[in-house]
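Student: Please take a close look at one part of this structure, the salt bridges, and set them in the context of the rest of the chain. I would like a connected account rather than a list.

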Amino acid sequence: MEQQFNSPQRQSSIGILVTFFDTLQQWGRGLWPIMVVYAFRFNELNKVYLFLGVSVFLLIIAFVAYLKYLNFTFYLESENEEFIINEGILNKTRTIIQLDKIQQVDINQSLIQRFIGVYELNVDTAGSTKKEGKIKAISHSLALALKARLLENDKKKTDAINAEEFLQVENIEEKPFIKISFLSLLKVGVTSNYVKTLGLILAFLATVFENGKNLMSEQDFSEEHIGNYIDQSSAVRSIGLIFFLMLGLILIINLVRVVFKYFDYQITKQKGSLLLSFGLLSTKSTIVKPEKVQIVTVSRNYFQKKMNILEIKIKQATSGDKEDGKSIIEIPGCDENERMAIFKLLFHTMPEKGIVLKPNYRKLVFSIFLFMLLPVAAFFAFANYIQPVFLEYVYFLPLYLLFVGLIVCFGYRNNRLYINDNFIIKQSGAWDIDNKIIEPGKIQAITTSQLFWHKKADIGSVIIHTAGGNMVFQMGNFAMIKSYVNLWLYKIEASNNNWM
């Protein structure tokens, strides 16, 4: 069936349910304090009025969802090569997206959308930190045809070829040349994101503790009884049990997160680009164009090296000073051969480390002062003058100094900037070693700086700005940095890369 996009059309009619649940979620987030209050006072409420109130509330949401569906239209304007989306109930919004500015088109499917049988299409450009265009309920064939049409930048071809032909090209694709196995996902789950997961667990436990403390105060629990119970237990045994429980919880959460997010990860070559598809409950499909890629980061720690896996993060053009973590495309669980295949498609060659720039020893001294000496001095000052009871925990300081000292030393040893004719590679990290790769032709701007007390030592810093984020290297040989900056500026002027 020929798909025509030159006249305004609505989403799939069944998509009203998606709009309903989306509106219900938005209103629920805004009204959750009221809902919590009513939940605690459920027994005191009149059940008839409660039922009528909930029914009226759901009817209002259903009516709002229908109006959103009715007023949402999208179409392509062939003359100006624009994709136009109209939406809104009282405040009408008209979003116009130039086709040649589109960076990425994703086809996603949440759990609700999977049950209903529709897909979501997101259009992303370099003009905002958000997705500029979202169509939340269209069929799969329509989504594929529209994606192919939006990503076709050759105007001479798009004037003569209709969307059905694009759909045929889309379906005649090669078989996935990379499939991330379930075993690789398990390896990633048990070897990554320890600190992030620990932070989430501690935040959750802190919330539970505060709520439990309030509940115990209402139930007249005595702190002395709790203290006596704790005193009767073995402190060492309790600490060991908590440690192993925390470690097990971290591993379980990481495994569940990785498997649910990246299940059935497949990479397919498609018209010179990479088509990535993955997800268990919520599936996602996105295209990575080599010319749009700004920064590629390869991450690996000691355990992952032993297991022959690594993680690749791809950053395309974004806007704003802050990098949006959600816009990073991640490829987990790759081995060396898969990394080489991906890099040859993205860069047409394998990035190699060239001349190395190392930070001056002053960076190590400053890190030791900032993360070791200053916190210890603050601890003793706080314990001596404000809270003397803290001196009882002074025996934890050697452990802190040992742990932080190792992080600082390994971080300094791994901090390197590698430069060759075609690539700039920044290596960093203490446990997870990151190698951030940039092509000089895609640099937007370069900032160099030197503190006046560093002039005699000839050390300084450089910040390389790209449309996908920044690369920072501090306290290196400033004379060498300036010579390479001049070379990079020349390559920027001479480059004809169409990364926008």
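Tutor: What follows starts with the whole chain, goes through the salt bridges, and ends with a pocket and a few single residues.

The model is predicted, not determined by experiment. Its protein chain holds 15 helices and 20 strands. Of the 500 residues in the chain, 38% are buried. The accessible surface comes to about 29400 Å², and carbon and sulfur atoms contribute 62% of that area. Among contacts with a separation of 6 or more, 59% are between residues 24 or more positions apart.

A search of the whole structure gives five salt bridges. One of them joins Asp 22 to Lys 136, with 2.8 Å between the closest N and O atoms. Asp 22 belongs to helix α1 (residues 16–40) and Lys 136 to strand β6 (residues 133–138), so the pair links distant parts of the chain, 114 residues apart. Lys 136 counts as partly exposed because its relative accessibility is 24%, and the lower limit for that class is 20%.

The residue after Asp 22 in helix α1 is worth following as well. Thr 23 lies in helix α1 and counts as buried because its relative accessibility is 0%. Leaving aside residues up to four places away in sequence, Thr 23 touches Ile 61, Val 64, Ala 65 and Lys 68. The C-alpha atoms of Thr 23 and Lys 68 are 9.5 Å apart, with their positions 45 residues apart along the chain.

A second salt bridge pairs Arg 149 with Glu 81, where the closest N and O atoms are 3.9 Å apart. That distance falls within the 4 Å cut-off for a salt bridge. This pair too links distant parts of the chain: Arg 149 is in helix α4 (residues 140–150), Glu 81 is in the loop between β1 (73–77) and β2 (82–87), and the two are 68 residues apart. Arg 149 and Glu 81 are both buried.

For Arg 149, the surroundings can be described through its helix. Nine of the eleven residues of α4 are buried, so the helix is largely enclosed by the rest of the structure. The buried residues of α4 include Leu 142, Leu 144, Leu 146 and Leu 150, along with Lys 147 and Arg 149. In general, an α-helix has 3.6 residues a turn, so residues three or four places apart point the same way.

A third salt bridge is formed by the side chains of Glu 439 and Lys 442, at 3.1 Å from N to O. Lys 442 is buried, because its relative accessible area of 4% is under the 20% limit.

Arg 300, Glu 336 and Arg 339 are linked in a network of salt bridges. Arg 300 also leads to the second largest pocket, which has about 540 Å³ of space. This pocket is lined by 23 residues, and those closest to its centre are Arg 300, Lys 305, Lys 353, Ile 433 and Asn 435. Two or more lining residues come from each of β11 (293–300), α11 (302–306), α12 (336–347), α14 (397–414) and β17 (433–438). By class, the lining has eleven nonpolar, four polar and eight charged residues.

Helix α11 is followed by a residue with an unusual backbone angle. In general, most residues other than glycine have a negative phi. Asn 308 is not a glycine, yet its phi is positive, near 60°. Asn 308 sits in the loop between α11 and β12 (310–316), and it counts as partly exposed because its relative accessibility is 38%. Asp 458 also has a positive phi, about 55°, without being a glycine. Asp 458 is in the loop between β18 (445–449) and β19 (459–466); with a relative accessibility of 28%, Asp 458 counts as partly exposed.

One more loop residue remains. Asp 421 lies in the loop between β15 (416–419) and β16 (424–428). Its relative accessibility is 58%, so Asp 421 counts as exposed. Asp 421 touches Pro 440 and Lys 491, not counting residues up to four places away in sequence. Asp 421 and Leu 487 are 9.4 Å apart from C-alpha to C-alpha, and 66 residues apart in sequence.

Notes:
Residues numbered from 1 in each chain as written. Predicted model: local features only at pLDDT ≥ 70, side-chain atom pairs only at ≥ 80, totals over all residues. Heavy atoms only, no water. 1 Å grid on protein atoms, 1.4 Å probe; cavity = no way out; pocket = protein on both sides within 12 Å on 5 of 7 lines; lining within 4 Å. Points joined across faces, edges and corners; volume = space filled by probe spheres on them. Helix = DSSP H or I, 4+ residues; strand = E, 2+ residues; numbered from the N terminus. Nonpolar A, V, L, I, M, F, W, Y, C, P; charged D, E, K, R; others polar. Buried < 20%, exposed > 50% of the residue type's maximum accessible area, 1.4 Å probe, protein only. Contact = heavy atoms within 4.5 Å. Areas by Shrake-Rupley, 256 points an atom, 1.4 Å probe, with all protein chains shown as cover.
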